[in-house]
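Okay, thanks for coming, everyone. I'd like to walk you through a structure that's probably new to you, so have a look at the screen first.

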Amino acid sequence: MPFVKVVKSNAYFSRYQVKYRRRREGKTDYYARKRLVVQAKNKYNAPKYRLVVRFTNKQVICQIVYARLQGDFVLCAATSNELPRYGIKHGLTNWTAAYATGLLVARRALAKLGLADKYEGVAEPDGTISMTEALEDDDAPRPFKCFLDVGLKRTSTGARVFGALKGASDGGIFIPHSEKRFPGFDAESKQLDAEVLKKYIFGGHVAEYMESLEEEDDERFKKQFSTYLADGVGSEDIEEIYQNAYAAIREDPAFKPTEKTKDWKAESAKYQTPRLTKDQRQERIQKKIQAFGADAGGAAMEEDDDE
């Protein structure tokens, strides 16, 4: 077949439709969003909740979000920056921190909805897969249901987004999922090794890496885990730290703002120009006119003196 040059004429450009802004910016996968947001008509105006998990260089962000025509509304949120309050002061972006953040947002959301006592989830995780099921009592409320929203992240086996999913599921939220993407799943045997998953939940993979790195390269170990060593945290302490943190999260998941060292509202007001009233603006204009007239009169008198 001979080469055919594609000519983009005025007819083409007059019909061209640009993509959504967030698609142009490469921020939103609208193919996935449509399926996460659209609710069945027979469910009327019931919101469809999503567990939104996002990662930055310094923290894990978990939010429970629902969509309206006006935009997305956040029901509840938690970040790994809150974990130091529960004893987790290091590695705030690893798999275990994602699990802890998912657990925190789940307990916080259920406490807000009044379901925390009815759906406690998995208090002692052992690495097995267990979905939150409805209570046997007919009058009891059904479990809170939401769907995982990974954004643009690759859903590879062992990814951190599934750590947040596992934490939220163990926290008592019903999130439909399978075991295929958790650490320890063998693609050939199609089975999950619960011991491997349990190791990740309690930071065992970090402890193993600390031990191996200390044996292989002590200098690099001291540099990479300097904050751990400064606080006296060793590889043998990590599991206990996470166990205590999970218990503390279940005991008090409520958000507490950090204590501010300064009154930042007063600090920022120093650099803001105060808004003038109409009378003040008129007065300012009159002063400028008078000053301009005085300068013009002074210049005219100097010219007369020179002559």
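**The sheet and what lies across it**

So, let's start with the sheet: it's an open one, built from four strands in the order S3-S2-S1-S4, and the pairing is mixed. Which strands stand at the edges? Those are S3, residues 71–79, and S4, residues 147–149. Each of them has a single partner strand, so one side of each is left without a neighbour in the sheet. And if you look at how neighbouring strands sit against each other, they're turned by 30° on average, ignoring direction. Before I go on, a quick reminder that this is a predicted model.

Now let's go through the pairs. Take S1 and S2: they pair in the antiparallel sense, over six bridges. The two form a hairpin, with four residues between them. If you want a spot to find on screen, look for Leu51, which stands opposite Ile64 in S2.

Next pair along. How many bridges join S2 to S3? There are eight, and these two strands run antiparallel as well. S2 itself covers residues 60–68. Here we have a hairpin again, with two residues between S2 and S3. You can pick out some facing residues here too: Val65 stands opposite Val74 in S3, and Tyr66 stands opposite Phe73 in S3.

Okay, on to the helices. Which strands does helix H4 lie across? H4, residues 95–113, lies across S1, S2 and S3. S1, by the way, is residues 50–55. The helix runs at about 115° to S3. Then there's helix H5, residues 161–170, and that one lies across S1, S2 and S4. H5 runs at about 140° to S1. So S1 and S2 turn up in both lists: H4 lies across them, and H5 does too.

One last stop, away from the sheet topic: the surface. There's a nonpolar patch of about 440 Å², made by Tyr12, Phe13, Tyr16 and Val18. Let's zoom in on Tyr12, which lies in helix H1, residues 10–15. Why does Tyr12 count as partly exposed? Because its relative accessibility is 35%, and partly exposed covers the range between under 20%, which is buried, and over 50%, which is exposed.

That's my tour, thanks for listening!

Note on methods
Residues numbered from 1 in each chain as written. Predicted model: local features only at pLDDT ≥ 70, side-chain atom pairs only at ≥ 80, totals over all residues. Heavy atoms only, no water. Pairing = 2+ DSSP bridges. Axes fitted to C-alpha atoms, helices over the stretch in contact; angles between N-to-C directions. Contact = heavy atoms within 4.5 Å. Patch = residues over 30% accessible without salt bridge, like charges linked within 9 Å, V, L, I, M, F, W, Y side chains within 5 Å. Areas by Shrake-Rupley, 256 points an atom, 1.4 Å probe, with all protein chains shown as cover. Salt bridge = Lys/Arg side-chain N within 4 Å of Asp/Glu carboxyl O. Buried < 20%, exposed > 50% of the residue type's maximum accessible area, 1.4 Å probe, protein only.
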